[in-house]
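Here is a short guided tour of one protein model, written for someone meeting such structures early in their studies. Keep the picture open as you read and look for each residue as it is named.

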Amino acid sequence: MTGSEQLLKRLPNDVGGQEAPKIEQTDHELLPWEKRCHALADVLDFHKIINTEEKRRGVEALGSEMVAKLTYYERWIAAFANIAFQKRLITPEELARQMSAVEDRWRDHS
């Protein structure tokens, strides 16, 4: 199968039958932003804004290159943002303004 065929026939997380290195499990305490990300996922699902299946598809839609570069919760955030844009819940400009406001508040409290 060529590289292009591989990209079209397999999603980034579809690794069945492929060789893979040993998985090393590590336990770590979630960082505060990771806990908030997890809570956000629960709130979005509870209010039927973005459900678990949409989140999974959103992460897969990032593509294998982006999935490989982002951490687990960074993938969730990117997926949530893209889905919110697609559903026209928020624009990229509105999100950027809100992120800037949060950054300003954080800087003021540092």
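Start with glutamate 60, whose side chain makes a polar contact with the side chain of arginine 56, at 2.7 Å. Please keep in mind that this is a predicted model. Glutamate 60 sits in helix α3, which covers residues 52–61. Is this glutamate buried or exposed? Glutamate 60 counts as buried because its relative accessible area is 12%, and the buried class takes in values under 20%.

Helix α3 also holds glutamate 54. The side chain of glutamate 54 makes a polar contact with the side chain of lysine 87, at 2.8 Å. Glutamate 54 has a relative accessible area of 17%, so glutamate 54 is buried too.

Now step back and look at the whole chain. The protein has six helices and zero strands, so its elements, read from the N terminus, run α-α-α-α-α-α. Of its 110 residues, 17% count as buried.

**The nonpolar core**

Which residues make up the largest nonpolar core? There are twelve: Cys37, Ala41, Leu44, Ile50, Val59, Leu62, Val67, Tyr73, Trp76, Ala79, Phe80 and Ile83. Two elements give two or more residues each to this core, namely α2 and α5, the latter spanning 72–86. Helix α5 provides the largest share, with five residues.

**The aromatic rings**

Rings are a good thing to hunt for next. How many aromatic pairs does a search of the whole structure find? The search finds five. One of them joins tryptophan 33 and tyrosine 73 in an edge-to-face arrangement, with 6.5 Å from centre to centre and 80° between the planes. This pair links distant parts of the chain: tryptophan 33 belongs to helix α2 and tyrosine 73 to helix α5, and the two are 40 residues apart.

Another pair is formed by tyrosine 72 and tryptophan 76, and this one is tilted, with 5.3 Å from centre to centre and 50° between the planes. Both of these residues lie in helix α5, four residues apart, which is about one turn of the helix.

The table shows how accessible the residues of these two pairs are.

| Residue | Relative accessible area | Class |
|---|---|---|
| Tryptophan 33 | 33% | partly exposed |
| Tyrosine 73 | 8% | buried |
| Tyrosine 72 | 48% | partly exposed |
| Tryptophan 76 | 6% | buried |

Why does tyrosine 72 count as partly exposed? Its relative accessible area is 48%, and the partly exposed class lies between the buried limit of 20% and the exposed limit of 50%. Tryptophan 76, at 6%, is therefore in the buried class.

Ring pairs also link Trp33, Tyr72, Tyr73, Trp76 and Phe80 into a cluster. Tyr73, Trp76 and Phe80 are among the residues of the largest nonpolar core as well.

**Back to tryptophan 33**

Finally, look again at tryptophan 33, which is placed in helix α2, residues 32–46. With a relative accessibility of 33%, tryptophan 33 is partly exposed. Which nonpolar surface patch does Trp33 help to make? Trp33 joins Leu31, Leu40 and Ile77 in a nonpolar surface patch of about 320 Å². Trp33 therefore takes part in this surface patch and in the ring cluster with Tyr72, Tyr73, Trp76 and Phe80.

Key. Residues are numbered from 1 along each chain as its sequence is written. This is a predicted model: local features need pLDDT of at least 70, side-chain atom pairs count only at pLDDT 80 or more; totals for chains, interfaces and linings use all residues. Side-chain values use heavy atoms; hydrogens and water are left out. Buried means under 20% relative accessible area, exposed over 50%, partly exposed in between (1.4 Å probe, protein chains only). A polar contact is a pair of N or O atoms within 3.5 Å; within protein, one must be able to donate a hydrogen and the other to accept it, and residues adjacent in sequence count only if both atoms are side-chain atoms. Patches are made of residues with over 30% relative accessible area and no salt bridge: like charges are joined within 9 Å, nonpolar side chains (Val, Leu, Ile, Met, Phe, Trp, Tyr) within 5 Å. Accessible areas come from the Shrake-Rupley method with a 1.4 Å probe; for residues, only the protein chains shown count as cover. A salt bridge is a side-chain nitrogen of Lys or Arg within 4 Å of a carboxyl oxygen of Asp or Glu. A nonpolar core is a set of buried Ala, Val, Leu, Ile, Met, Phe, Trp, Tyr and Cys residues joined through side-chain atoms within 4.5 Å. Rings of Phe, Tyr and Trp (its six-membered ring) pair if their centres lie within 6.5 Å; planes under 30 degrees apart count as stacked, over 60 as edge-to-face and the rest as tilted.
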